[in-house]
Amino acid sequence: MTTSQNPASSPTKAAADPALFDLLVLGSGIAGLAAARLAEDDGKRVLLIDKGRRLGGRVSTRRQDGFVFNHGAQFVTAKGTEFASLLAKATAAGNIKDWQISDDKNVQIGTPSMRDLPQFMATGLMIRQQTEITQIAHHGGHIGFFDKDGLVATGRRAIITAPAAQTGKLLADIYPELAATAGLARYDPCWTIMLGLEDDHGLGTKPLRDKAAGIALGVPEFTRSNQQSGLDAPALTIQATGVWSQQHLQNDPQMVIESLCQIWQNLSGKPLGKIITSAAHRWLYAKVTTAAPSDAPRLSHDGKLAIAGDWLGGPRVEQAFDSGQQAYHHLR
């Protein structure tokens, strides 16, 4: 069973001698979960640490005022055998299912929400959430993870799956060669808006894309809700393109909501109905545009720490998964 601890309610840390794990994993996105899952299945004692309250990283779901928004990755696909095997198991467990995203393309989505895929991957893992690691250093011959209050845990080995900029900052002193690898990756940001609507008259039934207008993907959430769980609350999630998001990166969230609503209505030719609830989320590290080169170091010179993440492979969810598994194999 996945465990989640709030630092405020956790037992007092033994700063001088915390629990020693075979593997510490930083980040509970798909890369971190893939690495931790493989290590756990290999009989290792693993602790996964994340600063957030929810699993999955960008494979994320938000619930607000009775509406459900998949405001991160909208779907997954598999090209390789390992990720396909995971999706097959998640399908059998009822955590994902097929979705026809267009007339000629089927993808897979979490059910009843995208978050159910990372929840499935996390089954049985020891996970400590709401713990922000601020320093990584050698400690007693092992790798120490520290937060603002001191030592959190030590590991014989460690995998870091934070976004490239955060990875670079954490590893600059202890493993500068890996920090340099992180410095080679580039991302586009993404403004995402979530709208809970009174009716579905302005939604249509298929996703909408128009990169020239600024919309990377607009998804009528009620379509999938009906398929997944019988819910019929109409909702709309709109993700802006990287170019549009960068141009409006510092805009007020309400201005972003109004602008993207107007673009949607112009493209669809239909006015949106009454908006019951709305929210905007700014993903600073949304889509990898330049992955770190494959020949850049991914394993520390002493063989104790590896890095992983979509920024080492590419923007697809499967690429994050593959990177997590590869990081664990590097450490073996």
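**Exercise 1. Work out how enclosed strand 13 is in this predicted model, then find its partners.**

Start with burial. Strand 13 covers residues 215–220, and 5 of its 6 residues are buried, so the rest of the structure largely encloses the strand.

Next, look at strand 12 (residues 208–210). Strand 12 and strand 13 run antiparallel and are joined by 2 bridges. For a concrete pair, take Leu208, which stands opposite Gly218 in strand 13. The hairpin made by these two strands has 4 residues between them, and there Gly214 takes a positive phi near 110°.

Now turn to strand 14 (residues 235–240). Strand 14 pairs with strand 13 over 5 bridges, again in the antiparallel sense. Here Leu217 has Gln239 of strand 14 as its bridge partner.

**Exercise 2. Put the sheet together: what is its strand order, and which strands are its edges?**

Write down the order: 12-13-14-11-15, an open sheet of 5 strands with antiparallel pairing. The edges are strand 12 and strand 15 (275–290), since each pairs on one side only. As for twist, neighbouring strands are turned by 15° against each other on average, ignoring direction.

Then check the pairing of strand 11 with strand 15: 11 bridges, antiparallel. Within it, Thr192 has His281 of strand 15 as its bridge partner.

Last step: what packs on this sheet? Helix 8 (residues 253–268) does, touching strand 11, strand 12, strand 13, strand 14 and strand 15. The direction of helix 8 makes about 80° with that of strand 11.

**Exercise 3. Decide why the buried residues of helix 4 count as one face, and say what they pack against.**

List them to begin with. Helix 4 spans residues 164–171, and Ala164, Thr167, Gly168, Leu170 and Leu171 are buried. Look down the helix axis: these buried residues fall within an arc of 165°, so they line one face of helix 4.

Then go through what the buried residues touch. On the strand side, the partners are strand 1 (20–26), strand 8 (135–139), strand 10 (150–160), strand 11 (186–197) and strand 16 (305–307). Helix 5 (176–182) is on the list too.

**Exercise 4. How many aromatic pairs are there, and how would you classify Phe67 with Phe69 and Phe83 with Phe321?**

The count is 3 aromatic pairs. For Phe67 and Phe69, the ring centres are 6.3 Å apart and the planes sit at 25°, so call that pair stacked; the cut-off for stacking is under 30 degrees. Both rings are tucked away: Phe67 is buried at 7% relative accessible area, and Phe69 is buried at 1%.

Phe83 and Phe321 come out tilted, with 5.0 Å centre to centre and 50° between the planes. Phe83 belongs to helix 2 (residues 81–92) and Phe321 to helix 9 (residues 317–331), so this pair ties together parts 238 residues apart in sequence. Phe83 and Phe321 are both buried.

While you're on rings, have a look at Phe21 too: Arg45 lies over its face, 4.2 Å from the ring centre.

**Exercise 5. Is Thr205 buried or exposed, and where does it sit?**

Place it first: Thr205 is in the loop between strand 11 and strand 12. Its relative accessible area is 54%, so Thr205 is exposed, the cut-off being over 50%. To finish, pick Leu20, which is 185 residues away from Thr205 along the chain: the two C-alpha atoms are separated by 51 Å.

Terms used:
Residues numbered from 1 in each chain as written. Predicted model: local features only at pLDDT ≥ 70, side-chain atom pairs only at ≥ 80, totals over all residues. Heavy atoms only, no water. Buried < 20%, exposed > 50% of the residue type's maximum accessible area, 1.4 Å probe, protein only. Arc of directions from axis to C-beta. Contact = heavy atoms within 4.5 Å. Pairing = 2+ DSSP bridges. Axes fitted to C-alpha atoms, helices over the stretch in contact; angles between N-to-C directions. Phe/Tyr/Trp six-rings, centres within 6.5 Å; stacked < 30°, edge-to-face > 60°. Lys NZ or Arg CZ within 6 Å of the ring centre and 35° of its normal.
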